[in-house]
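Trainee: I have a model open on my screen and would like to learn how to read its features one by one. Could we begin with the way a helix presents its sides?

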Amino acid sequence: MVTTQPDHTGELIPRPERTPAALRAALAVVAPERLSEMDASQRAAVTEAIEQSGISPLRMFLIEWAAVIEIERFPDTARELRRAEYLAQIAEDPEESRRYVRTAGDIIRAAHKAVGG
């Protein structure tokens, strides 16, 4: 069964506020190995925002990391996403690969929807 909408059973932490500090603190709990990736993404968003003289890159940064954390807050969902991504890469049959890509996409879209992105 594909879980596209995480239920609130099994959540590791409550959904954090969508601020850089709150998202970073949440990521430190649910996926600390991704902190350097988040930091690099934030630096890139700040640089892009300065170059564009706009805040859209910062908004996109917050939405993207809120969605990552939304997935990681639910270990079963995170595991299902990693499994689908892996199986999409190794599938020998193109249709099978597409099925796994759709599964991964469904999980990611549901996370974005859940965080209002």
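Trainee: Which residues are exposed on the other side of α2?

Mentor: This is a predicted model, and in it Ser 36, Arg 43 and Glu 51 are the exposed residues on that side of α2. The general idea is that an α-helix has 3.6 residues a turn, so residues three or four places apart point the same way. In the case before us, Leu 35, Met 38, Asp 39, Ala 45 and Ala 49 of α2 are buried. Seen down the axis of α2, these buried residues fall within an arc of 125°, so they line one face of the helix.

Trainee: What do the buried residues of α2 pack against?

Mentor: They pack against α1, which covers residues 20-30, and against α3.

Trainee: Where does Ala 44 of α2 belong, given its relative accessible area?

Mentor: Ala 44 lies in helix α2, and because its relative accessible area is 44%, it counts as partly exposed, the class between buried, under 20%, and exposed, over 50%. Ala 44 is also 12 residues from Pro 32 in sequence, with 19 Å between their C-alpha atoms.

Trainee: How many residues does α2 have, and what span would be expected for it?

Mentor: Helix α2 has 18 residues, and from its first C-alpha to its last it reaches 25 Å, which is close to the 26 Å expected at 1.5 Å a residue.

Trainee: How should I read the pairing of α2 with α3, and at what angle do their axes cross?

Mentor: The axes of α2 (residues 35-52) and α3 (residues 56-72) come within 8 Å and cross at roughly 160°. That angle makes α2 roughly antiparallel to α3, because angles over 145 degrees are counted in that class. On the α2 side the contact is made by Glu 37, Met 38, Ser 41, Gln 42, Ala 45, Val 46, Glu 48, Ala 49 and Gln 52, and on the α3 side by Pro 57, Leu 58, Phe 61 and Trp 65. Sorted by class, this contact has 8 nonpolar, 3 polar and 2 charged residues.

Trainee: What is the phi of Ser 53, and where does this residue lie?

Mentor: As a general idea, most residues other than glycine have a negative phi. Ser 53, however, has a phi near 55°, a positive value in a residue other than glycine. Ser 53 follows just after α2, in the loop between α2 and α3, and at 71% relative accessibility it counts as exposed.

Trainee: Is Glu 64 of α3 exposed, partly exposed or buried?

Mentor: Glu 64, which is found in helix α3, is partly exposed, with a relative accessible area of 38%. Its C-alpha atom is separated by 18 Å from that of Ile 13, and the two residues are 51 apart along the chain.

Trainee: Which residues are buried in α1, and what covers them?

Mentor: Leu 23, Ala 26, Leu 27 and Val 30 are buried in α1; they cover an arc of only 100° around the axis, which puts them on the same side of α1. What covers them includes α2 and α3, whereas Ala 21 and Val 29 are exposed on the other side of α1.

Trainee: How many helices and strands does the whole chain have?

Mentor: The protein chain has 5 helices and 0 strands, and 38% of its 117 residues count as buried. Its C-alpha trace spans about 45 × 30 × 25 Å along the principal axes.

Notes:
Residues are numbered from 1 along each chain as its sequence is written. This is a predicted model: local features need pLDDT of at least 70, side-chain atom pairs count only at pLDDT 80 or more; totals for chains, interfaces and linings use all residues. Side-chain values use heavy atoms; hydrogens and water are left out. Axes are lines fitted to C-alpha atoms, for helices over the stretch in contact, and angles run from 0 to 180 degrees between N-to-C directions. Helices (H or I, at least four residues) and strands (E, at least two) are DSSP runs, numbered from the N terminus. Angles under 35 degrees count as roughly parallel, over 145 as roughly antiparallel, 65 to 115 as roughly perpendicular and the rest as oblique. Contact means heavy atoms within 4.5 Å. Ala, Val, Leu, Ile, Met, Phe, Trp, Tyr, Cys and Pro count as nonpolar, Asp, Glu, Lys and Arg as charged, and the others, Gly among them, as polar. Buried means under 20% relative accessible area, exposed over 50%, partly exposed in between (1.4 Å probe, protein chains only). The expected span of a helix is 1.5 Å times one less than its number of residues. The arc is that of the directions from the helix axis to the C-beta atoms.
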